[in-house]
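Here are some exercises to work through with the model open beside you. Try each task before reading its solution.

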Amino acid sequence: MNFNKYLENYANLIVVSGLNVQKQQTVVIEAEVESVELVRLVTKYAYRQGAKEVVVRYSDEVVTRLKYENCEQSVFETVPTWLSNFKNDYAAMNACFLSIISDDPEAFKGVDPTKMASWSKSVNKECRVFRDLLENSTNAWCIVGASSVKWANRVFPDMSDKEAYDALWSAIFKATKADQEDPNAAWIEHRASFERRVKYLNELNIDTLTYTNNLGTNVKVSLMEGYLFAGGGNYLQNGLYNIPNIPTEEIFASPIFDKTEGIVYSSLPLNYNGNIIDEFYMEFKDGRVVNYGAKKGYDVLKEMIEFDEGSHYLGEIALVPYDSPISNMNITFLNTLFDENAVCHFAIGKGFSECIVGGYEMTKEELQEKGINDSLLHVDFMIGTNDLHIVASSKDGQEIEVFKEGNFVF
């Protein structure tokens, strides 16, 4: 593996295609301290691209865990003004935002989940300007991964620290196409691969999608008038194109939040807030989660579902073929950015205004009236298997097979 070349490729890809940094634009990076090498390279390429300023905010999961273990609940219910101003002010300045994920998937195992939920709610409420500008595609944002020893040890437990660390970097480079000669060109081609299927799905006039597999999943979701599938990247409201997730293999939409019926079983472990939830299910009635369980991480799952009212409903459905590049690597990354792009997934919580015609011009109330869910939370969880079957029923009564044996039929 030509590590230095691939890391340079990766940093350039993040700046040029992921964030699409513009001249005189501020770039804000949030990352774990272990990711310093990638942060420095991204900073270098951002300035080469003409960035006005690169602002970096580091975190340390060990320090964060100590805070959760030693501070009282009230500490997590108040957000300091400097933090809300940091996010809101830079968003208002049209900055672009990069998150680099390298966390240990079980960094916060055993931590009181109510403290973590309180902090997340508080930050989301106080940083509403930041959230709204990113969610309505005013500001560019991108999430990427970076290898760390603790994360790598979870993914490759039988390897030495160095072997695991290198193996995880190799997997990240492959999944993101950073190991190719011209990753930006590869992503232009990759982006085009989504367009045919997105166009087809948007022309089907779908009323419902029914999912079944041998895990026991049997669930029906409904789509609204004017629904839009999307995938591959995102057009900002100013017409610029960026890629919010590197990697991405998904085509996604937002279902009518209060019409989901049935039960769905997880197909991969979920890393949520530094905790693993595994072998879990959710049962829906009138769109709402009315029953759930997990063999591992039940308390964390409970806190996730009970986060707010909107977290009881679906905000996203995403189609990813089982025969996908990341799935074919046969690696469970224990990181949603990668695992959600291996198989089909759902998400509870916030829906997308881009997934309905005219959504960017609608208020939150208008979006919700149309069927787009609202929540301070958005958590993806994987449901795809090699026998997943998905059938669409159109609004004029036709039945169209969408997935057979885990893959698209078109």
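**Exercise 1. Decide whether tryptophan 169 and phenylalanine 173 are buried or exposed, then describe how their rings meet.**

Solution. Start with accessibility in this predicted model: tryptophan 169 and phenylalanine 173 are both buried. Next, place them in the chain. Both belong to helix H8 (residues 161–176), 4 residues apart, which is about one turn of the helix. Now turn to the rings. A search of the whole structure gives 24 aromatic pairs. Tryptophan 169 and phenylalanine 173 form a stacked one, with 5.0 Å centre to centre and 20° between the planes. Planes under 30 degrees apart count as stacked, so the 20° of this pair fits that class. Finally, look around the pair: Trp169 and Phe173 join Phe3, Tyr6 and Tyr10 in one aromatic cluster.

**Exercise 2. Classify the aromatic pair of tyrosine 227 and phenylalanine 229.**

Solution. First take the geometry: the ring centres of tyrosine 227 and phenylalanine 229 are 5.9 Å apart, and the planes make an angle of 90°. Pairs with planes over 60 degrees apart count as edge-to-face, so this pair is edge-to-face. Then check burial, for which the limit is under 20% relative accessible area. Tyrosine 227 counts as buried because its relative accessibility is 6%. Phenylalanine 229 has 4%, so it counts as buried too.

**Exercise 3. Find which aromatic rings lysine 67 and arginine 197 lie over.**

Solution. Take lysine 67 to begin with: it lies over the face of tryptophan 119, at 5.0 Å from the ring centre. Then go to arginine 197, whose charged end sits over the ring of phenylalanine 410, 6.0 Å from the centre of that ring.

**Exercise 4. Work out where the partners of three salt bridges lie: glutamate 30 with lysine 87, glutamate 69 with arginine 65, and arginine 288 with glutamate 309.**

Solution. A general point helps here: side chains of opposite charge can pair when their charged atoms come close. The search of the whole structure finds 18 salt bridges.

- Step 1. Glutamate 30 and lysine 87 meet at 3.0 Å, N to O. The pair links distant parts of the chain, since glutamate 30 is in strand E1 and lysine 87 is in helix H4 (residues 81–92), 57 residues apart. Both glutamate 30 and lysine 87 are buried.
- Step 2. Glutamate 69 and arginine 65 meet at 2.8 Å, N to O. Both partners lie in helix H3 (residues 61–70), 4 residues apart, about one turn of the helix. Glutamate 69 is partly exposed at 45% relative accessibility, and arginine 65 is partly exposed at 23%.
- Step 3. Arginine 288 and glutamate 309 have their closest N and O atoms 3.0 Å apart. Arginine 288 is in strand E14 (residues 288–296) and glutamate 309 is in the loop between helix H10 (298–305) and strand E15 (314–319), so the salt bridge ties together parts that are 21 residues apart in sequence. Arginine 288 is partly exposed at 27% relative accessibility, and glutamate 309 is partly exposed at 45%.
- Step 4. Look for a linked group as well: Asp104, Glu106, Lys109, Arg154 and Lys296 are connected in a network of salt bridges.

**Exercise 5. Describe helix H9, its buried residues and what follows it.**

Solution. Begin with length: H9 (residues 183–203) has 21 residues and reaches 31 Å from its first C-alpha to its last, close to the 30 Å expected. Then list the buried residues of H9: Pro183, Asn184, Ala186, Trp187, His190, Phe194, Val198 and Leu201. Follow one of them, phenylalanine 194, with a relative accessible area of 4%. Phenylalanine 194 is 55 residues from glutamate 249 in sequence, yet the C-alpha atoms are 8.4 Å apart in space. Past the helix, asparagine 205 follows H9 with a positive phi, near 55°.

**Exercise 6. Locate the nonpolar surface patch that includes Val33.**

Solution. The patch is made by Val33, Val56 and Tyr58 and covers about 220 Å². Valine 33 is in the loop between strand E1 (26–32) and helix H2 (36–48). To finish, check its exposure: valine 33 is partly exposed, with a relative accessible area of 37%.

Definitions and conventions: Residues are numbered from 1 along each chain as its sequence is written. This is a predicted model: local features need pLDDT of at least 70, side-chain atom pairs count only at pLDDT 80 or more; totals for chains, interfaces and linings use all residues. Side-chain values use heavy atoms; hydrogens and water are left out. Patches are made of residues with over 30% relative accessible area and no salt bridge: like charges are joined within 9 Å, nonpolar side chains (Val, Leu, Ile, Met, Phe, Trp, Tyr) within 5 Å. Accessible areas come from the Shrake-Rupley method with a 1.4 Å probe; for residues, only the protein chains shown count as cover. A salt bridge is a side-chain nitrogen of Lys or Arg within 4 Å of a carboxyl oxygen of Asp or Glu. Helices (H or I, at least four residues) and strands (E, at least two) are DSSP runs, numbered from the N terminus. Buried means under 20% relative accessible area, exposed over 50%, partly exposed in between (1.4 Å probe, protein chains only). The expected span of a helix is 1.5 Å times one less than its number of residues. Rings of Phe, Tyr and Trp (its six-membered ring) pair if their centres lie within 6.5 Å; planes under 30 degrees apart count as stacked, over 60 as edge-to-face and the rest as tilted. A charge sits over a ring if NZ of Lys or CZ of Arg is within 6 Å of the ring centre and within 35 degrees of the ring normal.
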